[in-house]
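Reader: I have a structure to look at and some short questions about it. Can we go through them one at a time?

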Amino acid sequence: MPGTTTGLRRDAFLAELLAWHAARTPDKAAVIHPDGRLEPAGRPGYASVDYAELAAKVSMCAAGLKGHGIARGTRTALLVTPGADLLTLVFALMHIGAVPVVVDPGMGLGRMLDCIHRVGVQAFIGVPSAHILRRLRPRAFAGVQSVIKVRQKNGTGLEELTALGAGLPHLPPLEPGPDDLALIGYTTGSTGPAKPVEITVGMLQGMAHGVESGHFTADMTTTLLTLPLMGVFDLAAGRTVVVPKMNMGRVGAADPALLTDAIQRFDVNAMFASPALLGPLSAHLAEADARVPSLRMVVSGGAPVSPGLMSALRAVLPGEARVFSTYGSTEALPMALVESREALAGPADGPAEGMGVCVGRPAPGTSVRTIEVSDRPVPRWTPHLPVGEGEIGEIVVSGRAVSPRYFQSSQADAEHKIQDGERRWHRTGDVGWIDGEGRIWFCGRKSHRVRTSGGDLHTVRCEGVFTPHPQVKRTALVGFGPHGEQRPVLCVELEPGAERHWPSIESELRALGANKAVTKTIDDFLPHPAFPVDVRHNAKIRRELLAGWAEDRLTGSRRPSGADQALRAVPLLGWAYLAAWPLLPWDHAALTALWWVDAFLSVVVHAVQIPSALRAEQELATGRRPWATAALTMVFGATWWRRRSSKAKGVAA
C-alpha cells in the first residue's frame, strides 16, 4: 500500500500487515472507540487501543477461537456491533484462516436468517441478543458447532475470549494463498435476494490496493469509521481508526453533532460514508458554522452522489480537501471513482440533461466495459458483446478486486459471471455508458428499467432531469404492467413544506420532462411522503415497493373490497363494547367474561400485531409514519393491512 508499508512486500496479507504495524509503531493509536462514559460536557467518552495492544488482543483472540474449535476454513457468522470488537474479531479470524460471514442485520430479520442458513455457518459469534435469536430460530443455525458470546460492556466485550486465548499457544498469522476464501459478504438484496459473495485473499488485497492508490496520501493518518469493512483496510494501512458514537446499521439516523465532535476531537483526516450520512453532516457543519480543518478527504459510496451534495461538502471543508464519489459493489470495490472538482466541471450538468450520473474512471487495477443489455446468462466473452462508445449497455468489470464467484451458487455465477480465457468479467446489473474520456456514466439498475412500448427508460438517467427542481428532494421512476408495455410513473418526494404547492410543482415537472427526449413519454407524476429505502446505505430506493404503490394509486389495485370493509367493522364493535362498560350488568357472568376477552383482543393482541403491521406498511410503501401505523393497528388490528398486503404480493386474501 503506497506510503504505508515501505519494506514489506506488496502481496502481504492483511493479518500480516497488522502485525507489521504493531512491531513498527507499537504505541500508535489503532482504534479509538466509545467506552460507555459520558464526559461532564455531555459528550461521549472514548477509549484508545494502540497497535501493540490490538495485535496482542488479536493474537489472544485467535488462540481463543482455536480453543473453541474454530480453525482454517471454518465459516463463522459474526453478529457483533460494528466497532473495536468487530475489527478485532475479523483480524483474529483472518489470523487463523477462518472465514467470517458478514451479514448486515439491516437487511431484515428474515433475510438475515435465510443468509445464515444458506451459507451453512459452522461457528457463531454474537452479542447476547443475537444468541437469543439463535435459540428462537435454531433452523438457521443448524450447522453451528462452536458458539461464542460477546458480552458488551464499556465499548469492549472480548474479555472471556482473550482470557481463554492467553493460556493457549500463540501462533503467527496463517499465510493464505491468493485464491483462498477470506470472507463471505452479502449483497444488499435491494434488487432481489441477497447473494453470498466469495471474497478471496487476493480480492481483499486488490480492494485494499485500489482504495489506497485511488484515495490516500501518506499524511492521512486518522480516519472516521462509518462503514465497518473500511476499518479493516485502515488498520492494514497503519492508520488510526476513530469509531464514532452511532448505529452503523442506521447511518441516516447518525447524529451529525456527534460525528463533528469526533472529527474535531481526534483530528480526523479522512472518512468513508454513505450520502445519507454526508447530507445531514454537511448541513450541520453549515448551520453550526463548525470548522473541521483536519478533514482533508471524504469518500462517498453506496449510492450516486449528486452534484448538490458535492458542492455542499466542498463549502464546509477546507479548500484543499478532496471529495470522492466511489462506485462499487460487494462483488467489486472500488470499480470507479471521481473527485468533486472534475465532477463539478463538465459532468455536473449531465444529470439534468438526461445523461445519467458520472461515476468517474476505472479504479486502479480495474477494467470496465459496457456490453449489450440482456437478461440472459452470457457464459463466454465474444468480440460482439461490447457496445460502442457512448452507447448504453450493461456495465461489466474485471480485475484483482473483483470477486471470482458467489458462494455455492451456480445460478448466480451463471447470471453474473462471464468467462474470458483466464479472466472473469462480473456483470454488475447496472446500466450505463462510457464517454470519449473514459468516464463511466451510471444510468440505473438493469432490473429497474421501465420497459415501455417506445423502448426502455432508465431510472437514474430520467430522474436526473427532474431532481434539480428546488422543491423536489428526490424522484423515482417506476413502471407497472407487462414488459414492453409498462406504464412509466415518476414518484416525487418533496422538500418539507412543499406539499401544498404540488399542483404547480407537477406542472413544472411536466415541462421539464417534455423538453428532454429521454423523459417526454412520462405522463404520470405522483407525490410520495417518504420513499422506502434500503437499510444498509439508507439511500437506495426500493422501487419495487413504490411500483406497487403507484399502481394502486392509479388503478385502485389495492382498494379494499366490501368484505374488507365489513371485516374492519369487527374491531370497531369490540372497542364500542369496551366503552360501554359502565352500562354492563357486571353480575352477568357471561357478559363480564366477554368484556374481558374483548379487552384482551383489542389491547394485547392488537399491540402484539404492531411489528407485523410495520413490516406490512413497508411493503405497501405508503410513507406513513410508524406512530400512525401503530395507532391504526391498535384500532383495527390486522384487518386494515393483512388483506391489502396479501393482494400487493399477489396472494389471495
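Reader: Is A363 buried or exposed?
Author: This is a predicted model. Buried means under 20% relative accessible area. A363 has 3% relative accessibility, so A363 counts as buried.

Reader: Where does A363 sit, and which residues does A363 touch?
Author: A363 is in the loop between β15 (357–362) and β16. Residues up to four places away in sequence are not counted here. That leaves P334, M335, A336 and L337.

Reader: How far apart in space are A363 and V305?
Author: In sequence, A363 and V305 are 58 residues apart. In space, C-alpha to C-alpha, the distance is 17 Å.

Reader: Which residue does a cis peptide bond join to P334?
Author: P334 lies in strand β14, residues 332–339. P334 is also touched by A363. The omega angle of the cis bond is about -5 degrees. The partner of P334 in that bond is L333.

Reader: Is T370 buried or exposed?
Author: T370 lies in strand β16, residues 366–371. The cut-off for buried is under 20%. The relative accessible area of T370 is 6%, so T370 is buried.

Reader: Which residues is T370 in contact with?
Author: Leave aside the neighbours of T370 within four places in sequence. The contacts then include L385, P386, V387, E391, G393, E394 and I395. The list also holds G432, W433 and I434.

Reader: Is Q408 buried or exposed?
Author: Q408 is in the loop between β17 (393–399) and α13 (410–416). Exposed means over 50% relative accessible area. Q408 has 62% relative accessibility, so Q408 counts as exposed.

Reader: What is the phi of Q408?
Author: Q408 is a residue other than glycine. Its phi is nonetheless positive. The value is near 45 degrees.

Reader: What is the phi of D289, and where does D289 lie?
Author: D289 is not a glycine, yet its phi is positive, at about 50 degrees. D289 lies in the loop between α10 (275–288) and β12 (297–300).

Reader: Why does the span of helix α16 agree with what is expected?
Author: Helix α16 has 13 residues, 543–555. The expected span is 1.5 Å times one less than the number of residues. That gives an expected 18 Å, and the end C-alpha atoms of α16 are 18 Å apart.

Reader: Which residues of α16 are buried?
Author: Begin with R543, L545, L546 and A547, which are among the buried residues. The others in that list are G548, W549, A550 and D552.

Reader: Which residue just after α16 takes a positive phi?
Author: The phi in question is about 70 degrees. The residue is G556.

Reader: Why does the radius of gyration agree with a compact globule?
Author: The protein chain has 653 residues. A compact globule of that length would have a radius of gyration near 26 Å. The two agree, because the chain has 27 Å.

Reader: How many helices and strands are there, and what percentage of residues count as buried?
Author: The protein chain has 21 helices and 25 strands. Of its 653 residues, the share that counts as buried is 54%.

Reader: What percentage of the contacts with a separation of 6 or more comes from residues 24 or more positions apart?
Author: Take the contacts in the protein chain with a separation of 6 or more. Residues 24 or more positions apart account for 66%.

Terms used: Residues are numbered from 1 along each chain as its sequence is written. This is a predicted model: local features need pLDDT of at least 70, side-chain atom pairs count only at pLDDT 80 or more; totals for chains, interfaces and linings use all residues. Side-chain values use heavy atoms; hydrogens and water are left out. Helices (H or I, at least four residues) and strands (E, at least two) are DSSP runs, numbered from the N terminus. Buried means under 20% relative accessible area, exposed over 50%, partly exposed in between (1.4 Å probe, protein chains only). The radius of gyration is taken over C-alpha atoms; the globule rule is 2.2 Å times the number of residues to the power 0.38. Contact means heavy atoms within 4.5 Å.
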